[in-house]
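Q: Please take a close look at one part of this model and describe how its backbone and side chains are arranged. A connected account would be welcome, with the rest of the chain brought in where it gives context.

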Amino acid sequence: IEAFKSTLEEAKYADIIIHVVDSVHPDMDRQIAAVYETLDELQVGDKPGINLFNKTDLAGNAETIKDMRAKCSMRVSAKTGEGIDEFLDELGKILRENRIHINRCFKYQDAGRIQLIREFGTLISEEYTQDGIEVEAYVPKEIYDKLSVEEQPKRKKLIFNKTIFEK
């Protein structure tokens with residue numbers, strides 16, 4: 001149990017909990033409960049999670065078990081690859097929920113701010129132009145304001161579907 005807890009302690013640093021469940025194990029429900037109990041003890045039980053019910057190739061046509069604590073539950077097979085693409089799509093959606101999509105040109109003297117994106121966000125593209133560094137990225141809401149440059153006048157913001165375009 002202690003080795004199990006020390007493994008789950010890494011969850012403190014996670015953005016999302018992905019719990020792979022052996023869907024054909026006879027004590028599956030008890031194992032799920034033990035994971036949640038440990039996550040609660042570690043005070044990380046409130047993080048968004050996906051339960052992957054693995055071994056669908058062995059489980060047959062059984063329905064996906066609904067887990068009210070997980071953001072979503074999905075059936076997958078690590079052996080055949082069934083459900084993996086859908087899982088990756090869902091994972092991307094959940095990770096982007098708390099991030100803001102930006103398209104911004106940083107002046108060269110402010111290029112250090114791009115390091116915040118590299119460290120805490122997801123840098124999609126970076127292009128060096130005559131005007132500065134054009135950046136497209138997803139950034140956590142917590143660091144969005146830190147990317148602003150105080151010396152520059154406020155830019156007009158157009159918000160569409162959680163994407164902020166600055167002019």
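A: A residue is called buried when its relative accessible area is under 20%, exposed when it is over 50%, and partly exposed in between (1.4 Å probe, protein chains only). The model is predicted, so local features need pLDDT of at least 70 and side-chain atom pairs count only at pLDDT 80 or more, while totals for chains, interfaces and linings use all residues. Residues are numbered from 1 along each chain as its sequence is written, and side-chain values use heavy atoms, with hydrogens and water left out.

The part chosen here is the unit formed by β1, α2 and β2, with the loops that follow α2 and β2. Its setting is a protein chain of 6 helices and 8 strands, taken as DSSP runs (H or I, at least four residues; E, at least two) and numbered from the N terminus. Reading from the N terminus, the order of elements is α-β-α-β-α-β-α-β-α-β-β-α-β-β. Of the 167 residues in this chain, 37% count as buried.

Strand β1 spans residues 17-22, and its side chains alternate along its length. Ile17, His19 and Val21 point to one face and are buried; Ile18, Val20 and Asp22 point to the other face and are not buried. Such alternation between the two faces of the sheet is what a regular strand shows in general.

The partner strand is β2, residues 49-54, which runs parallel to β1 and is joined to β1 by 6 bridges (strands pair if DSSP finds at least two bridges between them). Val21, one of the buried residues of β1, has Phe53 of β2 as its bridge partner. Between the two strands the chain passes through helix α2, residues 28-41, and the resulting β-α-β crossover is right-handed: with the strands pointing away from the viewer, the path from the first strand over the helix to the second runs clockwise.

The same three elements, β1, α2 and β2, each give two or more residues to the lining of the largest cavity. A cavity is a set of points on a 1 Å grid over the protein atoms alone where a 1.4 Å probe fits but cannot get out, and lining residues have an atom within 4 Å of a point. The lining of the largest cavity holds 13 residues, and those nearest its centre are Ile17, Tyr36, Leu39, Lys47 and Gly49. Ile17 thus appears both on the buried face of β1 and in this central group.

The loops of the unit also merit attention. Gln43 lies in the loop between α2 and β2. Although Gln43 is not a glycine, its phi is positive, at about 60°. With a relative accessibility of 70%, Gln43 counts as exposed. Beyond β2, Lys55 sits in the loop that leads to α3 (56-59). Lys55, again not a glycine, has a positive phi of about 75°, but its relative accessible area is 29%, which means that Lys55 is partly exposed.

For contrast, one may turn to β5 (122-128) and β6 (133-140), with Gln130 in the loop between them. These strands run antiparallel and are joined by 6 bridges, and Glu126 has Val135 of β6 as its bridge partner. The hairpin has 4 residues between the strands, and Gly132 takes a positive phi near 155°. Gln130 is exposed, with a relative accessible area of 80%. The C-alpha atoms of Gln130 and Tyr108 are 9.5 Å apart in space, with 22 residues of separation in sequence.

Definitions and conventions:
1 Å grid on protein atoms, 1.4 Å probe; cavity = no way out; pocket = protein on both sides within 12 Å on 5 of 7 lines; lining within 4 Å.
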